Amino acid sequence: MGSLFRSESMCLAQLFLQAGTAYECLSALGERGLVQFRDLNQSVSSFQRKFVGEVKRCEELERILVYLVQEITRADIPLPEGEVSPPAPPLKQVLEMQEQLQKLEVELREVTRNKEKLRRNLLELIEYTHMLQVAKTFDRRNVEFEPTYEEFPSLESESLLEYSCMQRLGAKLGFVSGLIHQGKVEAFEKMLWRVCKGYTIVTYAKLDKPLEDPETGEVIKWYVFLISFWGDQIGQKVKKICDCYHCHVYPYPNTAEERKEVQEGLNTRIQDLYTVLHRTEDYLRQVLCKAAESVYSRAVQVKKMKAIYHMLNMCSFDVTNKCLIAEVWCPEADLQELRVALEEGSRESGAAIPSFMNTIPTKETPPTLIRTNRFTEGFQSIVDAYGVGSYREVNPALFTIITFPFLFAVMFGDLGHGFVMLLFAFLLVLNENHPRLTQSQEIMRMFFNGRYILLLMGLFSVYTGFIYNDCFSKSLNLFGSRWNVSAMYRSGHPTEEPGTGALWNDSVVRHSRVLQLDPNVPGVFQGPYPFGIDPIWNLATNRLTFLNSFKMKMSVILGVVHMTFGVVLGIFNHLHFQKKFNVYLVSVPELLFLLGIFGYLLFMIVYKWLAYSAATSQTAPSILIDFINMFLFPTSEASGLYPGQVYVQRLLLALTALSVPVLFLGKPLFLWWLHSGHSCFGVSRSGYTLVRRDSEEEVSLLGGQDVEEGRSPADDGCRDPGCSEFSFGEVLMTQAIHSIEYCLGCISNTASYLRLWALSLAHAQLSDVLWAMLMRVGLRVDATFGVLLLLPVTALFAVLTIFILLVMEGLSAFLHAIRLHWVEFQNKFYVGAGTKFVPFSFRLLPLKFGNGDHIV
């Protein structure tokens with residue numbers, strides 16, 4: 001709890017690591033996650049540091065592991081992910097592991113290359129076989145051909161495959177056969193006609209089934225073509241066109257005997273290739289299965305080893321180059337564990353001289369460390385999104401655990417909707433260790449990370465739903481209404497009385513559309529409802545007026561209390577940082593200004609609730625009018641809430657008016673008096689800086705000195721040149737801006753809390769509209785069709801309730817609750833100008849296999 005209220009006390013430690021034990025010591029520190037390293041080589045580029053060679057070696061090992069993971073994934077072999085993270089490998093095993101991985105990579109690449117080559121050859125032979133089966137139908141076709149020259153005899157009745165015809169032409173007949181993509185056939189034929197000028201005969205036939213492309217691996221529909229030509233010149237053109245259209249060209253046998261012999265040889269080679277390819281794939285799978293057993297542990301080890309060398313690059317060597325010196329931020333509570341880690345690393349390395357550490361003084365501001373668990377992590381993330389807290393200032397997350405879900409529930413208050421949200425969050429909490437939830441998609445992971453926030457939001461929404469007595473826009477009569485309708489009825493009451501609204505008779509009941517209950521009539525109002533709002537208000541025509549008044553006043557009360565609590569927390573900051581003058585010159589005037597105006601408004605609201613009853617409500621004055629008159633000083637005597645109200649209001653206005661100049665001038669004058677009366681203002685001691693830099697004048701005035709603890713101002717004098725740079729004008733301007741912002745902010749922030757009333761009203765009305773448009777229609781249908789209609793209507797009502805009222809309205813209320821905490825609450829005391837403590841921890845390394853087939 002102490003760590004959640006304020007960040008951990010930090011110290012700067014110096015580690016002296018022997019060159020032979022530095023790797024083992026940092027490995028032990030990484031497993032524990034105790035320290036944050038400071039970079040002592042900021043002026044040295046990343047390529048000139050001592051261990052850049054080791055980092056490159058780790059990157060090379062990562063490249064090999066990425067290749068292994070890709071091949072294992074391609075072979076559909078499951079990637080194991082160990083539950084326990086293996087430690088970083090000892091230096092003696094690094095070279096051995098590197099040699100094994102490189103040998104495995106070479107072997108895999110060679111086997112994979114041979115497999116792809118065999119597969120490509122197999123596909124080519126299969127294509128060749130299909131082409132021969134289709135092309136044999138071309139032999140018996142008679143192709144019409146017109147001679148080029150008039151002196152040549154006609155070849156209409158002769159087959160192109162008859163060589164006697166070619167002998168008459170005096171030219172050599174040639175053939176080109178192969179396969180072409182279906183979409184390129186028409187363009188291919190046109191190109192052949194234009195280039196060869198009709199001196200070719202092209203025959204096509206479509207394959208019955210698509211075949212896999214040997215080059216791309218895609219399954220494509222192919223056409224078999226056979227091109228007949230004569231002359232070597234045209235043959236060269238045909239071959240170039242085939243290459244241009246990426247045709248798969250295969251030799252065409254001249255005779256049927258040769259074709260039969262080639263086809264038999266192809267079948268034999270295909271069977272042999274199938275056998276060799278299956279054996280190669282089996283061997284490759286065995287190698288990959290063996291590699292998959294250790295790929296996760298090796299990947300984790302390489303990640304850890306690379307992180308260690310990155311941290312070693314941030315260390316500096318002593319003059320002898322035998323000892324590494326590192327500076328780290330460490331929580332004071334973990335110093336003993338830090339020493340134990342160094343001793344363990346020295347013992348594992350077998351060094352004769354152990355590594356050691358000592359704390360050193362510094363004036364730098366330490367990083368902020370706030371320890372969290374599964375429950376508080378989500379709430380701390382909300383605060384850190386505004387800004388990481390300054391060192392040792394009050395942490396709002398402790399109070400946000402209660403105030404955030406409560407303010408959300410005020411805007412979202414509905415028993416049914418809150419129960420659905422509570423049930424959803426409860427299921428996430430019960431299954432928080434399920435791997436599918438921890439590795440889910442971004443939106444689902446967002447809900448999972450905020451499961452405890454959703455749990456409390458749902459729980460508080462159920463509570464406020466009971467307060468509002470609202471469950472899916474309907475009220476629950478759990479304790480019985482405290483309003484008695486029968487007490488208003490008098491059968492013998494004269495008919496002329498109903499105009500007064502006192503009692504009802506038969507005529508009033510029959511002819512009046514609206515009946516008014518009078519709480520002053522004995523027996524009508526029997527006291528307040530035990531818990532929440534009486535369910536009879538759900539039937540009243542003035543229900544909205546009543547709820548608006550109630551929720552508006554409730555919003556103002558919650559807002560003023562919330563802001564006042566923020567100012568009070570600022571007092572704890574001032575006291576902790578030994579700046580008591582801020583308590584008297586800043587916090588107290590702020591409280592007087594806030595409570596003198598808006599605190600008095602709360603008092604009037606509560607006093608009117610307690611002092612006036614139904615019998616005296618007609619004479620009760622308006623709070624709004626009285627609050628306005630507080631600033632107008634009316635001359636007419638008006639009846640107030642209580643005797644002496646005018647004098648009390650004038651006293652409060654006087655205190656408020658006096659607090660404003662104190663807020664504007666008090667702190668600047670006090671700092672000017674201290675600076676002019678002493679040689680240097682500030683208290684210092686040897687150690688790190690603990691200045692809460694609220695404003696620029698304190699930065700220039702204090703000059704980085706410690707004001708948390710220390711000696712009197714006269715002990716040291718002015719040893720910091722920054723002390724002489726005090727500027728009263730700058731301090732006055734800064735404080736004036738802060739004061740104006742606070743005074744105007746009190747008004748705007750109080751009005752901003754009215755969003756609690758507005759969103760609560762909007763949520764209730766939207767829920768009521770959804771019920772009226774769907775469920776009321778389904779429930780009013782007669783029994784014949786009502787059952788059939790009610791099922792789809794209920795399903796539609798559930799879907800719209802989830803997506804509109806739970807998701808959209810819930811997100812709206814969530815964002816407004818965040819705004820109320822960031823702007824209205826935290827700006828009263830929270831600076832949020834710190835740096836987060838990021839320890840050197842192996843637990844922060846991402847060690848899961850991602851969709852990209854690599855470790856993310």
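This tour visits the nonpolar cores of a predicted model and then two individual residues.

**The largest core.** Begin by selecting Phe404, Phe408, Met457, Leu601, Met604, Tyr742 and Leu756; these residues have the most contacts inside the largest nonpolar core, which comprises 72 residues. Next, display helix H18, residues 580-611, the source of the largest share of this core, with 12 residues.

**Methionine 604.** Keep methionine 604 selected and add its surroundings. Setting aside residues up to four places away in sequence, methionine 604 touches Ile623, Asp626, Phe627, Leu641, Gln645 and Gln649.

**A second core.** Apart from the largest core lies another one, of 58 residues. To locate this other core, select Ala13, Met305, Cys315 and Leu338, which are among its members.

**Serine 659.** Now select helix H20, residues 645-677, and within it serine 659. Is this serine 659 buried or exposed? Its relative accessible area is 3%, below the 20% limit, and serine 659 is therefore buried. Then show Pro589, Leu592 and Phe593: serine 659 is in contact with these residues when its neighbours within four places in sequence are left aside.

**Glutamate 343.** Finally, move to helix H9, residues 335-349, where glutamate 343 is placed. Glutamate 343 has a relative accessibility of 47%, between the limits of 20% and 50%, and therefore counts as partly exposed. Add serine 355 to the selection and draw a line from C-alpha to C-alpha: glutamate 343 and serine 355 are 6.8 Å apart in space, with a separation of 12 residues in sequence.

Key: Residues numbered from 1 in each chain as written. Predicted model: local features only at pLDDT ≥ 70, side-chain atom pairs only at ≥ 80, totals over all residues. Heavy atoms only, no water. Helix = DSSP H or I, 4+ residues; strand = E, 2+ residues; numbered from the N terminus. Buried < 20%, exposed > 50% of the residue type's maximum accessible area, 1.4 Å probe, protein only. Contact = heavy atoms within 4.5 Å. Core = buried A, V, L, I, M, F, W, Y, C linked by side-chain atoms within 4.5 Å.
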